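Work through the exercises below with the structure in view. Each task is followed by a solution in steps.

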There are 2 protein chains.
Amino acid sequence: MKEFHHHKFCPIRDILSRIGSKWSMLVLVTLDANGTMRFNEIQKSIGDISQRMLTLTVRTLEADGLIKRDVYPEVPPRVEYTLTDRGRSLMPLLKELVRWALDNQEQILEERAKLDVPEEVKE
Amino acid sequence: MKEFHHHKFCPIRDILSRIGSKWSMLVLVTLDANGTMRFNEIQKSIGDISQRMLTLTVRTLEADGLIKRDVYPEVPPRVEYTLTDRGRSLMPLLKELVRWALDNQEQILEERAKLDVPEEVKE
DNA sequence: CTGGATCCCCGGTGATACTG
DNA sequence: CAGTATCACCGGGGATCCAG
C-alpha cells in the first residue's frame with residue numbers, strides 16, 4: 001500500500017531515473033511531435049541542449065527501449081531516432097503532465113510572486 | 001511543429017522543477033497514501049530521506065501549493081502536512097506513471113541485463 | 001553530420017551538530 | 001518534535017576540442 005519506497009526497484013525512483021533527467025522528457029516529446037528525427041533536428045528543435053547532453057540522453061533512452069536509433073552508413077553519416085512502442089506508451093502520461101503544468105503554472109507563479117503571506121495562527 | 005521548448009515557461013521544465021527532484025514524488029505519493037502526516041511520519045515512511053532533504057522538499061512543495069503545512073504551537077511542536085486540491089489533482093497522473101513503471105521496469109531490466117554482455121577485451 | 005574525449009564547475013544532496 | 005546551520009562531496013551537466 002504505502003510500501004512503494006526504498007526496496008530495490010521502487011517504481012518512483014525508476015520513473016525518475018528515466019524521465020527525471022534534465023533533457024529526457026524534452027527529447028521524448030520532441031520525437032513524439034515530429035516523428036523520426038535526425039540528431040541535428042532534435043538539437044535544433046530543443047535549442048539549448050549541447051551535443052554532449054543530447055548524445056547521453058538518447059543513449060539512455062535507447063538503453064531503456066524508449067527510442068530506437070538507426071544508423072545509415074553514408075557520407076555524411078545519418079542517424080535517425082524514433083520512438084519505440086514502449087516509448088509511445090509513455091507519451092499519453094507525459095502529455096497529461098504537460099497539460100497539468102499548462103493548467104497550473106500561471107496560478108502557481110502568481111502565488112509565488114506574492115510570497116508575503118503572513119504566518120497564520122492555527123487554532 | 002511544437003515550440004514548447006526553451007521559452008521561459010516551458011511546461012516540461014516546469015513539471016521537472018516540481019516533481020523531478022529526488023524526493024518530491026515520494027513525498028507526494030506518501031501523503032496521498034496516508035492522508036495527513038507529521039514530519040517524522042513522512043520521514044519514517046520514506047526511510048532513507050534526511051531531515052534536511054525532507055525539510056527542503058516540503059518547503060518547495062508548499063511553495064508550489066501542492067501541500068499545505070499546518071503548525072500547531074504546542075509542546076512538543078506538531079506540524080502536519082496534507083495534500084492541497086492542486087496536489088491531489090496531480091496524483092492521478094503520478095499514479096499512472098507508477099503504474100507504467102510497474103508494467104515496464106522488469107522487462108527493461110531484463111533487456112539491459114542482456115545487453116550487458118561481459119566484454120573480455122576492453123583494451 | 002554525429003558523436004567521443006576532456007576538463008571543470010556548480011548545485012543538489014548527504015552528514016553532522018545544534019536549538020526552540 | 002521539527003526543524004536550522006555548516007561543511008563536504010559527488011556527479012549531472014556545460015564548454016571545448018577532436019575524429020570518422
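**Exercise 1.** In which helix of chain B does B:Leu56 lie?

*Solution.* The model used throughout is a predicted one.
Step 1. Locate the residue: B:Leu56 belongs to helix 4 of chain B.
Step 2. Judge its exposure. Buried requires under 20% relative accessible area and exposed over 50%. The relative accessible area of B:Leu56 is 39%, so this residue is partly exposed.
Step 3. Compare sequence with space. B:Trp23 is 33 residues from B:Leu56 in sequence, while their C-alpha atoms are 9.6 Å apart.

**Exercise 2.** State which strands of chain B pair with strand 3 of chain B, and in what sense.

*Solution.*
Step 1. Take strand 1 of chain B, residues 37–38: its pairing with strand 3 of chain B is antiparallel and has 2 bridges. In this pairing B:Met37 is opposite B:Tyr81.
Step 2. Take strand 2 of chain B, residues 67–72: this strand also pairs with strand 3 of chain B in the antiparallel sense, over 6 bridges. Here B:Arg69 has B:Tyr81 as its bridge partner.
Step 3. Look at the connection. Strand 2 and strand 3 of chain B make a hairpin, and 5 residues lie between them.
Step 4. Check burial. Strand 3 of chain B is largely enclosed by the rest of the structure, because 5 of its 6 residues are buried.

**Exercise 3.** Describe the protein surface near DNA strand C and the polar contacts made there.

*Solution.*
Step 1. Count the neighbours. DNA strand C is surrounded by 17 residues, and the closest are A:Asn40, A:Arg59, A:Arg69, A:Tyr81 and B:Arg52.
Step 2. Sort them by type: 8 are nonpolar, 3 polar and 6 charged.
Step 3. Assign them to elements. At least two residues each come from helix 3 (39–46), helix 4 (51–63) and strand 3 (78–83) of chain A, and from helix 4 (51–63) of chain B. Helix 4 of chain A gives the most, with 4 residues.
Step 4. Turn to the DNA side. Among the atoms of DNA strand C within 4 Å of the protein, 62% are sugar or phosphate atoms, and the rest belong to bases.
Step 5. List contacts. The side chain of A:Arg69 has an N or O atom 2.2 Å from a phosphate oxygen of DNA strand C. For A:Phe39, a backbone N or O atom is 3.3 Å from a phosphate oxygen of this strand. The side chain of A:Arg38 places an N or O atom 3.3 Å from a sugar or linking oxygen.

**Exercise 4.** Repeat the description for DNA strand D.

*Solution.*
Step 1. Of the 17 residues around DNA strand D, the nearest are B:Arg38, B:Gln51, B:Arg59, B:Arg69 and B:Tyr81. Of the atoms of DNA strand D within 4 Å of the protein, 58% are in sugar and phosphate.
Step 2. The surface near DNA strand D consists of 8 nonpolar, 3 polar and 6 charged residues.
Step 3. Helix 4 of chain A supplies at least two of these residues, as do helix 3 (39–46), helix 4 and strand 3 (78–83) of chain B. The most, 4 residues, come from helix 4 of chain B.
Step 4. Contacts to phosphate oxygens of DNA strand D include a polar side-chain atom of B:Tyr81 at 2.3 Å. The side chain of B:Arg59 has an N or O atom at 2.7 Å from a phosphate oxygen. A polar backbone atom of B:Asn40 is 3.0 Å from a phosphate oxygen.

Conventions
Residues numbered from 1 in each chain as written. Chains lettered and ligands numbered in written order. Predicted model: local features only at pLDDT ≥ 70, side-chain atom pairs only at ≥ 80, totals over all residues. Heavy atoms only, no water. Near = heavy atom within 4 Å. Polar contact = N/O pair within 3.5 Å; in protein donor to acceptor, adjacent residues only side chain to side chain. Nonpolar A, V, L, I, M, F, W, Y, C, P; charged D, E, K, R; others polar. Buried < 20%, exposed > 50% of the residue type's maximum accessible area, 1.4 Å probe, protein only. Pairing = 2+ DSSP bridges.
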